[in-house]
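Q: I'm new to this one and would like a close look at a single part of it. Could you walk me through the place where the two domains meet?

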Amino acid sequence: MSYINQVTAQLGPYPSETLRKMRLQLEAAGKKVYDLSTGDPRIPVWPAIREKVRDSLPDISQYPSVFGSERLRQAHEAYLERRFGLKNTGLILLPTAGSKEAIFHISLSLIQRHGKDRILYPSPGYPVYRDAILFAGGIPTPMELRHEEGFLQQPWNLPAEIVRDTVAIWINYPNNPTGTCATPAYFERIAEWAQTHGIVILSDECYVDIYDTALPADQLPPSMLQITQKGTVAFYSLSKRSGLTGYRAGFIAGDPAILGPHTLARARFGVAQPDFVQEGAVVAWGDDAHVAARREIFSHRVRWMGAALQKMGIQVEIPEATFYLWCKVPATYGEDDVRFCRELAEKGGVLFSPSSWLGGGGPGWFRIACTLDDGESQGALDALAAFCK
Ligand SMILES: Cc1ncc(COP(=O)(O)O)c(C=O)c1O
């Protein structure tokens, strides 16, 4: 007899945990490890944020509110206005404990809307889209991101019976893992398609501030909210923007018709952002200079490492956004991205994420997260070159 339901019983290991285990095993065996597998760069937190959080630790601890403080709401609003020109929108804004939980929990309020079960999501992609749909009792419906389609989802090509049963679509631009940016015109097409079919748009925008410093001001990655707010929820995070992965701070902004009722659900989930984190988040959302400094670092790394990989004969395009490089595995490995990454880890001590562990769509690729400084990155490139010889 199993005490565990089918969804949990059938879960595989979480990819970043598997990679962490691989790193620890290699280190225990005395190997020098270059871990470029997980999107968690090691860059010191901007001191003003750290100090604000430290100074906000209370003598008496009380439950935080699911709505967050008024100061935080104003900081979210001001950010949306500065970054996207969104003003007096009437959107509901809610703090989240990072985007991950918000991505997970939204499915619980959407599956079975009008008896529909499907949520579409990009594959390869962030693994939580799929798992959340399963836990909510829905049918996860992956859409493969194809190189020949510029890694852009094309929902208008789906069969009518799939579309009829679809409640929502996840989109994620700038995209993890491919680094692809969407244009406003593409977002317009998605919005028009979704609204024609009464499908909710879930736009994961956690990399929207991590773009190449050479991009002109009028070509920055857009928000779906600039195109439409109807039936739409956008997900923002301080994890990539400010390097606060360990603080767990983000927010969602969306159509009151969705987030009004969903707030009542969130009040039950136990996901309110702690008050002292909120204080740090006010500082982080309110400042753009520390984010510009992070962009300088990532733009340099992505361009420099991308060029070095191209010289080595690895197929990779230098992305306009994110800190990821999406690379084709060497031809000798065919489409076996897992074997390539495993052998490279064992022999060269270099850890990358194979595409098969990022959702399975588009096999034969691997992702490099530009998380290490130049010295360590050079070590990884040298080890990769030696391995590929
Ligand atoms: C595409 C995407 N969405 C969401 C997240 C979750 O980020 P967090 O929960 O730290 O905000 C990540 C983390 O890597 C991600 O890559």
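How many residues of domain 1 are in contact with how many residues of domain 2?

A: Happy to. Keep in mind that this is a predicted model. The count you asked for is 33 residues of domain 1 in contact with 38 residues of domain 2.

Let's get our bearings. The chain is divided into domain 1, made of 6-44 plus 290-388, and domain 2, which covers 60-288. Taken over C-alpha atoms, the centres of domain 1 and domain 2 are 25 Å apart.

Now for the spaces where the domains meet, starting with the largest pocket. Both domain 1 and domain 2 give residues to the lining of the largest pocket, so this pocket lies between them. It holds about 1,100 Å³ of space. Its lining has 40 residues, and Ser16, Thr38, Gly39, Asp40 and Lys240 are the ones nearest the centre. Helix 2 (15-28), strand 1, helix 5 (98-110) and helix 9 each put at least two residues into that lining. The largest share belongs to helix 2, with seven residues. As for the chemistry, the lining of the largest pocket splits into 15 nonpolar, 12 polar and 13 charged residues.

The second largest pocket has a volume of about 420 Å³. Of the 20 residues lining the second largest pocket, Gly12, Pro13, Pro127, Arg130 and Asp131 are closest to its centre. This pocket also lies between the domains, because domain 1 and domain 2 both contribute to its lining. Helix 2 turns up here too: along with strand 3 (118-123) and helix 6 (128-135), helix 2 supplies at least two residues of the lining. This time the largest share, three residues, comes from helix 6. By class, the lining of the second largest pocket has 12 nonpolar, six polar and two charged residues.

While you're by strand 3 and helix 6, have a look at the loop between them, which is where Pro124 is found. A cis peptide bond joins Ser123 to Pro124, with omega at about 5°.

Next come the enclosed spaces. There are two cavities of 30 Å³ or more. The largest cavity has a volume of about 60 Å³, and it lies between the domains, since domain 1 and domain 2 both give residues to its lining. If you want to find it, the residues to pick out include Ile210, Tyr211 and Asp212, along with Arg295, Phe298, Ser299 and Val302. Pro319, Glu320, Ala321 and Thr322 line the largest cavity as well. Six of its lining residues are nonpolar, two are polar and three are charged.

The second largest cavity has about 40 Å³ of space. Among the residues lining it are Tyr79, Cys206, Tyr236, Arg241 and Trp285. Its lining is made up of five nonpolar, one polar and three charged residues.

Trp285 is a handy place to move on from, as it is one of the buried residues of helix 11, alongside others such as Val277, Gln278, Ala281 and Ala284. What covers the buried residues of helix 11? The cover includes helix 3, helix 4 (70-84), strand 7 (232-237), helix 9 (238-241), strand 8 (250-254) and helix 12 (289-311). Helix 11 itself takes in residues 275-286, and at 1.5 Å a residue its 12 residues should span 16 Å; the end C-alpha atoms are 17 Å apart, which agrees.

One last stop is Trp46. You'll find Trp46 in the loop between strand 1 (34-35) and helix 3 (47-55). Is Trp46 buried or exposed? Somewhere in between: its relative accessibility is 31%, so Trp46 counts as partly exposed. Setting aside its neighbours within four places in sequence, Trp46 is in contact with Val283, Asp287 and His290.

So, to pull the picture together: the largest pocket lies between domain 1 and domain 2, because both give residues to its lining. The second largest pocket lies between them for that reason too, as both domains line it. The largest cavity joins that list, with both domains giving residues to its lining.

Note on methods
Residues are numbered from 1 along each chain as its sequence is written. This is a predicted model: local features need pLDDT of at least 70, side-chain atom pairs count only at pLDDT 80 or more; totals for chains, interfaces and linings use all residues. Side-chain values use heavy atoms; hydrogens and water are left out. Helices (H or I, at least four residues) and strands (E, at least two) are DSSP runs, numbered from the N terminus. Buried means under 20% relative accessible area, exposed over 50%, partly exposed in between (1.4 Å probe, protein chains only). Contact means heavy atoms within 4.5 Å. The expected span of a helix is 1.5 Å times one less than its number of residues. On a 1 Å grid over the protein atoms alone, a cavity is a set of points where a 1.4 Å probe fits but cannot get out, and a pocket is an open set with protein on both sides within 12 Å along at least five of seven lines; lining residues have an atom within 4 Å of a point. Grid points are joined across faces, edges and corners, and a volume is the space filled by probe spheres set on the points. Ala, Val, Leu, Ile, Met, Phe, Trp, Tyr, Cys and Pro count as nonpolar, Asp, Glu, Lys and Arg as charged, and the others, Gly among them, as polar. Domain bounds come from an automatic or database domain assignment.
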